[in-house]
Amino acid sequence: RGRRMKCTAPRSTLRKIIKKHKPQLRLAANSDLSNFFFFSILKVHLNFLLFLHRLAEEARTNAFENKSKIIKPEHTISAAKVL
């Protein structure tokens, strides 16, 4: 048997949240909403990590172009403007 995630919120609450953000999505009455909610949060987290990685790479490039061995706040700010 597969292990099920513990549902942290009532199904009706999860249904309302999903319908608010994805009104075009049709949900079955018995759908496992906790998995959908978990994977939505996971996707946001992974996108955030990708953004941070791109920001760090761009800031490192800016520091290198300025002949600096240390990434300073102004390198990160200029990198954020590019992204």
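Buried means under 20% relative accessible area, exposed over 50%, partly exposed in between (1.4 Å probe, protein chains only). The model is predicted: local features need pLDDT of at least 70, side-chain atom pairs count only at pLDDT 80 or more, and totals for chains, interfaces and linings use all residues. Residues are numbered from 1 along each chain as its sequence is written, and side-chain values use heavy atoms, without hydrogens and water.

**Exercise 1. Describe the protein chain as a whole.**

Step 1. Count the elements: three helices and zero strands. Helices (H or I, at least four residues) and strands (E, at least two) are DSSP runs, numbered from the N terminus.
Step 2. Read their order from the N terminus: α-α-α.
Step 3. Check burial. Of the 83 residues, 14% count as buried.

**Exercise 2. Place Ser 68 and list its surroundings.**

Step 1. Locate Ser 68: the loop between helix 2 (33-65) and helix 3 (73-82).
Step 2. Classify Ser 68. Its relative accessible area is 19%, so Ser 68 is buried.
Step 3. Find its touching residues. Leaving out residues up to four places away in sequence, Ser 68 touches Ala 63 and His 75. Contact means heavy atoms within 4.5 Å.
Step 4. Look at the side chain. A polar atom of the Ser 68 side chain lies 2.7 Å from the backbone oxygen of Ile 70.

**Exercise 3. Which helix gives the most to the nonpolar patch?**

Step 1. Pick the helix: helix 2 gives the most, with seven residues.
Step 2. Place one residue: Phe 39 is found in helix 2.

Note on methods:
Polar contact = N/O pair within 3.5 Å; in protein donor to acceptor, adjacent residues only side chain to side chain.
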